[in-house]
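Open the model in your viewer and keep the sequence panel visible. The tour below goes from strand to core to pocket, and then to a few single residues.

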Amino acid sequence: MKKVLKAKSMKIVAATAMTIFSLFAAVAGVFAWFTSKLSESASAPDFGVYHDDSQITTLSCYAIKYDGVYGAQGKKLVSGQDHSMSMSEYDSIFTDKNVNTPLFFRIELTGFNTSKDLQISIPCTGSHYVTNQTYVDNFLSNVVCAKFSYGLTLNGVDTVDNYELTGDTVTNETIKTIYTGMRDHVRNQDGTPFVKSESQKDSEIKLSLPAASLYQSSNIIQKTIDGETVDVVVIYVAFDYYVTSTTNLVEKYMDSYDGSGVDCDLNFEPDIGAMVLRDVAL
């Protein structure tokens with residue numbers, strides 16, 4: 001009995017410690033979040049978001065996560081600047097707390113093609129297992145999944161995200177509302193992991209938003225930019241631990257080290273490369 005308790009205790013400590021990592025702080029280089037053309041490599045360690053259609057323009061991009069003091073915090077991501085953002089910790093005992101683990105990237109887009117679906121590609125470079133071993137390598141892509149969505153769910157009602165964010169760091173009621181709405185909107189989505197099974201890991205995730213639903217008139221906001229009125233939609237990408245009713249990649253990562261004689265590394269390597277947004281034909 002003592003052996004079981006000790007092992008479980010170690011897992012609890014590991015599960016808490018392992019999630020106090022910086023999702024992007026360890027990435028070398030700068031965040032060129034959007035450029036008019038895809039002109040840089042889409043591989044780690046240059047983590048960024050690009051698009052390859054010169055008509056698509058990003059008006060703003062905020063990284064938004066849960067905050068224990070304010071309820072939520074948003075950081076504006078600016079091209080040419082380094083940014084640091086971490087996911088909330090994963091709790092393997094009080095699992096209800098894990099509802100607040102997602103990290104969102106909220107993006108305002110204009111210049112989109114309403115006749116084409118919007119697709120995002122998210123690559124990773126890390127291997128699934130340590131070379132010639134049976135335990136999982138400590139790459140970020142081995143424990144997270146991605147979700148691609150739009151719209152908010154507030155008090156059980158789906159609504160359009162037409163909020164205006166200003167400032168480099170936001171901790172007001174607006175950011176709390178946006179975070180809660182995004183969280184609840186995708187809460188029941190399992191997300192798409194890089195790790196598909198014990199024997200399969202994909203090097204790229206591709207997620208799409210159908211034009212027919214994304215570009216409904218009710219979702220399109222009009223803004224005046226430099227004296228010109230433009231159509232805008234708000235989308236977001238969420239990164240979260242991949243935990244479903246049948247699969248828990250965090251636990252699988254730690255369990256893979258049992259009996260190996262090696263301690264699992266609690267600092268994950270940020271191997272997720274540059275995300276690419278593009279319009280794709282229906």
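Two strands are said to pair if DSSP finds at least two bridges between them. This is a predicted model, and the tour starts with its strand pairing.

**Stop 1: strand β4 and its partners**

Select residues 103-110, which make up strand β4. On one side, add β2, residues 57-65, which pairs with β4 in the antiparallel sense over seven bridges. To find the register, look for Ile64, whose bridge partner in β4 is Phe104. Next add β13, residues 228-241. Eight bridges join β13 to β4, and these two strands run antiparallel as well. Here the pair to look for is Arg106 with its bridge partner Tyr236 in β13.

Now show the side chains of β4. Are they buried or exposed? Eight of the eight residues in the strand are buried. In a regular strand the side chains alternate between the two faces of the sheet. In β4, Leu103, Phe105, Ile107 and Leu109 point one way, while Phe104, Arg106, Glu108 and Thr110 point the other way. The second set, with Arg106 and Glu108 in it, is buried too.

**Stop 2: the nonpolar cores**

Select Leu109, Ile122, Phe148, Ile235 and Phe239. These are the residues with the most contacts inside the largest nonpolar core, which has 44 residues. Strand β13 gives the most to this core, with five residues. In soluble globular proteins, nonpolar side chains tend to be buried together.

Centre the view on Phe148 and display its surroundings. Leaving aside residues up to four places away in sequence, Phe148 touches Leu118, Gln119, Ile120, Leu207, Ser208, Leu209, Ile235, Tyr236, Val237 and Leu277. A second, separate core has 14 residues, including Leu152, Ile178, Tyr179 and Met182.

**Stop 3: the largest pocket**

Move to the largest pocket, which holds about 440 Å³ of space. Which residues should be selected to find its centre? Take Asn98, Lys147, Arg187, Asp240 and Val243, the closest to the centre among the 20 that line the pocket. Colour the lining by element: β6 (144-149), α2 (173-186) and β13 each give two or more residues. The largest share, three residues, comes from β13. Coloured by class, the lining shows nine nonpolar, six polar and five charged residues.

**Stop 4: two asparagines with positive phi**

Select Asn132, in the loop between β5 (117-123) and β6. Its phi is near 65°, a positive value in a residue other than glycine. Asn132 counts as exposed because its relative accessibility is 75%.

Then go to Asn155, in the loop between β7 (152-154) and β8 (157-159). Asn155 also is not a glycine and has a positive phi of about 55°. With a relative accessibility of 81%, Asn155 therefore counts as exposed.

**Stop 5: Glu204**

Finish at Glu204, in strand β11, residues 204-209. How far apart are the C-alpha atoms of Glu204 and Ile122? They are separated by 5.5 Å, although the two residues are 82 apart along the chain. Display the other contacts of Glu204: beyond residues up to four places away in sequence, it touches Ser121, Ile122, Pro123 and Phe194. Glu204 counts as partly exposed because its relative accessible area is 37%, between the cut-offs of under 20% for buried and over 50% for exposed.

Key: Residues are numbered from 1 along each chain as its sequence is written. This is a predicted model: local features need pLDDT of at least 70, side-chain atom pairs count only at pLDDT 80 or more; totals for chains, interfaces and linings use all residues. Side-chain values use heavy atoms; hydrogens and water are left out. On a 1 Å grid over the protein atoms alone, a cavity is a set of points where a 1.4 Å probe fits but cannot get out, and a pocket is an open set with protein on both sides within 12 Å along at least five of seven lines; lining residues have an atom within 4 Å of a point. Grid points are joined across faces, edges and corners, and a volume is the space filled by probe spheres set on the points. Helices (H or I, at least four residues) and strands (E, at least two) are DSSP runs, numbered from the N terminus. Ala, Val, Leu, Ile, Met, Phe, Trp, Tyr, Cys and Pro count as nonpolar, Asp, Glu, Lys and Arg as charged, and the others, Gly among them, as polar. Buried means under 20% relative accessible area, exposed over 50%, partly exposed in between (1.4 Å probe, protein chains only). A nonpolar core is a set of buried Ala, Val, Leu, Ile, Met, Phe, Trp, Tyr and Cys residues joined through side-chain atoms within 4.5 Å. Contact means heavy atoms within 4.5 Å.
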